[in-house]
Amino acid sequence: MGKFIINGGKTLSGKITVDGAKNSALKLMAASILTGAVTRISNVPIIEDVLTMVEMLRMLGVKVKADRKEKVLQIDPSKINSPEAPYELVRKMRASILVAGPLLARFGQVKVAIPGGCNIGSRQIDLHLKGFESMGASYSVEHGYINCHISGSKGGSRLKGTVINLDFPSRGATENIMMAAVLADGRTVINNAALEPEIDDLAKFLNSMGADISGLGTASLTIEGVNSLSGTDYSVMPDSIEAGTYITAAGICGKDVIIENARQKNLEIFFLKLKEIGVIIDILDENTVGVSAPEERCRAANVSTLPYPGFPTDLQPIITVLLSMASGVSIVTENVFENRFMYIDELNRMGTNIRIDGHHAVINGVEKLSGAPVRAFDLRAGAAVVMAGLAAEGSTEVSDIFHIQRGYSDLTGKLKGLGADIRQVD
């Protein structure tokens, strides 16, 4: 399974470059099957989730060439021969559900296993299915699979444009409905749409293929259906969560760390919170930031997660590590996923003083952490215990690192480049 061994207490310095966004690349890959033409996607992080999606596309009959060195995918869906996304792949990664919209739009039907992924709480797909239903599709759930088809059709008919009012600004539902709507008959309006930058990236990708989507950056997206889409050549946006992870590492134990491809406009509330805590941040340009840890202990602060543009839930475990060593009492409130505090026991094994009260974490800051054997319970929790290991005295052993490798490309190599003492062992 592999482990990370971290000898903490090293000062980080140097330069690091953030990869393309996992949460965007996966959606662009899914969207590529809306056309029969070849699509080229660059700046793709070659991580486990991306490789799982590659395998998914290949099982559908899509030809995928992956250039690991150049971080480029060439996707040819012209020979796609199946509208079914199998359980053995969907269970590994929740984003697999996002092939449902494209398959339904292109073939009039889809069969997809109920998705898995990180165990961080309920992430129901009801909003996806209600959106499809509003556009004229019918669905049933049986034997662990969702069967969806355009009503009165065995394939070939088109979805119908309509107005869809989401009960919650779900990123996944917004993306899936938007992809389904680009080939629908007529206009679709998605109200209360998610605002995450990845939504814009997907819309820009689809527009580059010939889609007609307007309202980017707002909570109301308008999609004028088109008859067909073409291929395209597109570069994935930088990964804000990866950027936030390394920025936090520098805020814990860094000095003059330069982080490239850290897009400021996508991290505004995160930067504001770090400055409130006391981390030294120097905005060098719109995509580059310099970060150093404060000379004294960080200050306590309160953090509440919310959908974008609120504080991102994916950075909640990361900033909790920083607050665990701050002076005073901090409260972190998780408003998105109910099980996102599962990692707290692991941090407490390393000497933090954190108590869970419902969807709040009450953090009494400590002066130092101690290395210990810990587990990565999920992707971002895994990154959090690695961050703690960088700051801790002694050696930290992180197991179940496959979770971390789902979302971070060459984590050990990048941290070593900054001076961290971290290695992977089998």
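Two strands count as paired here if DSSP finds at least two bridges between them. Everything in these close-ups comes from a predicted model.

**View A. Strand S7 pairs with S6 in the parallel sense and with S9 in the antiparallel sense.** Strand S6 covers residues 84–85, strand S7 covers residues 109–113, and two bridges hold the pairing between them. To find one contact of the S6–S7 pair, look for Glu-84, whose bridge partner in S7 is Lys-111. With S9 (residues 145–150), S7 makes five bridges. Here Val-110 is the residue to pick out, since its bridge partner in S9 is Cys-148.

**View B. Lys-111 places its charged end over the ring of Tyr-145.** The distance from that charged end to the ring centre is 4.9 Å. This is the Lys-111 of View A, the bridge partner of Glu-84.

**View C. The largest cavity holds about 50 Å³ of space.** The structure has two cavities of 30 Å³ or more. Around the largest one sit Ile-97, Ala-100, Val-110, Val-112, Ile-125, His-128, Leu-129, Phe-132, Ile-146 and Cys-148. Val-110 and Cys-148, the bridge partners from View A, are both in this lining. Which elements each supply at least two residues of the lining? They are S7, S9 and helix H5 (126–134), with H5 giving the largest share, three residues. By class, the lining is nine nonpolar residues and one polar, with no charged ones.

**View D. The second largest cavity holds about 40 Å³ and has charged residues in its wall.** Asp-19, Gly-20, Lys-22, Pro-45, Ile-47, Asp-239, Glu-242, Gly-407, Tyr-408 and Ser-409 make up the lining. Sorted by class, that comes to three nonpolar, three polar and four charged residues. For contrast, flip back to View C, where the lining has no charged residues.

**View E. Phe-205 and Tyr-234 form one of the three aromatic pairs in the structure.** Their ring centres lie 5.5 Å apart and the planes meet at 80°, so this is an edge-to-face pair; the cut-off for that label is over 60 degrees. The two partners come from distant parts of the chain, 29 residues apart, with Phe-205 in helix H7 (residues 197–208) and Tyr-234 in strand S14 (residues 233–235). Both Phe-205 and Tyr-234 are buried.

**View F. Phe-270 and Phe-271 make a tilted pair.** The centres of these rings are 6.4 Å apart and the planes are at 40°, so the pair is tilted. Phe-270 and Phe-271 are both buried. Add Phe-311 to the view and you have the whole aromatic cluster of Phe-270, Phe-271 and Phe-311.

**View G. Helix H10 is largely enclosed by the rest of the structure.** Why say so? Nine of the nine residues of H10 (residues 316–324) are buried, where buried means under 20% relative accessible area. Reading along the helix, they are Gln-316, Pro-317, Ile-318, Ile-319, Thr-320, Val-321, Leu-322, Leu-323 and Ser-324.

**View H. The second largest pocket offers about 390 Å³ of space.** Its lining takes in 22 residues, and those closest to the centre are Ile-252, Cys-253, Met-325, Glu-367 and Ala-391. Helix H8 (240–253) and helix H12 (379–391) are the elements giving two or more residues to this lining. H8 has the largest share, three residues. The wall is a mix of 11 nonpolar, four polar and seven charged residues.

Methods:
Residues are numbered from 1 along each chain as its sequence is written. This is a predicted model: local features need pLDDT of at least 70, side-chain atom pairs count only at pLDDT 80 or more; totals for chains, interfaces and linings use all residues. Side-chain values use heavy atoms; hydrogens and water are left out. Helices (H or I, at least four residues) and strands (E, at least two) are DSSP runs, numbered from the N terminus. Buried means under 20% relative accessible area, exposed over 50%, partly exposed in between (1.4 Å probe, protein chains only). On a 1 Å grid over the protein atoms alone, a cavity is a set of points where a 1.4 Å probe fits but cannot get out, and a pocket is an open set with protein on both sides within 12 Å along at least five of seven lines; lining residues have an atom within 4 Å of a point. Grid points are joined across faces, edges and corners, and a volume is the space filled by probe spheres set on the points. Ala, Val, Leu, Ile, Met, Phe, Trp, Tyr, Cys and Pro count as nonpolar, Asp, Glu, Lys and Arg as charged, and the others, Gly among them, as polar. Rings of Phe, Tyr and Trp (its six-membered ring) pair if their centres lie within 6.5 Å; planes under 30 degrees apart count as stacked, over 60 as edge-to-face and the rest as tilted. A charge sits over a ring if NZ of Lys or CZ of Arg is within 6 Å of the ring centre and within 35 degrees of the ring normal.
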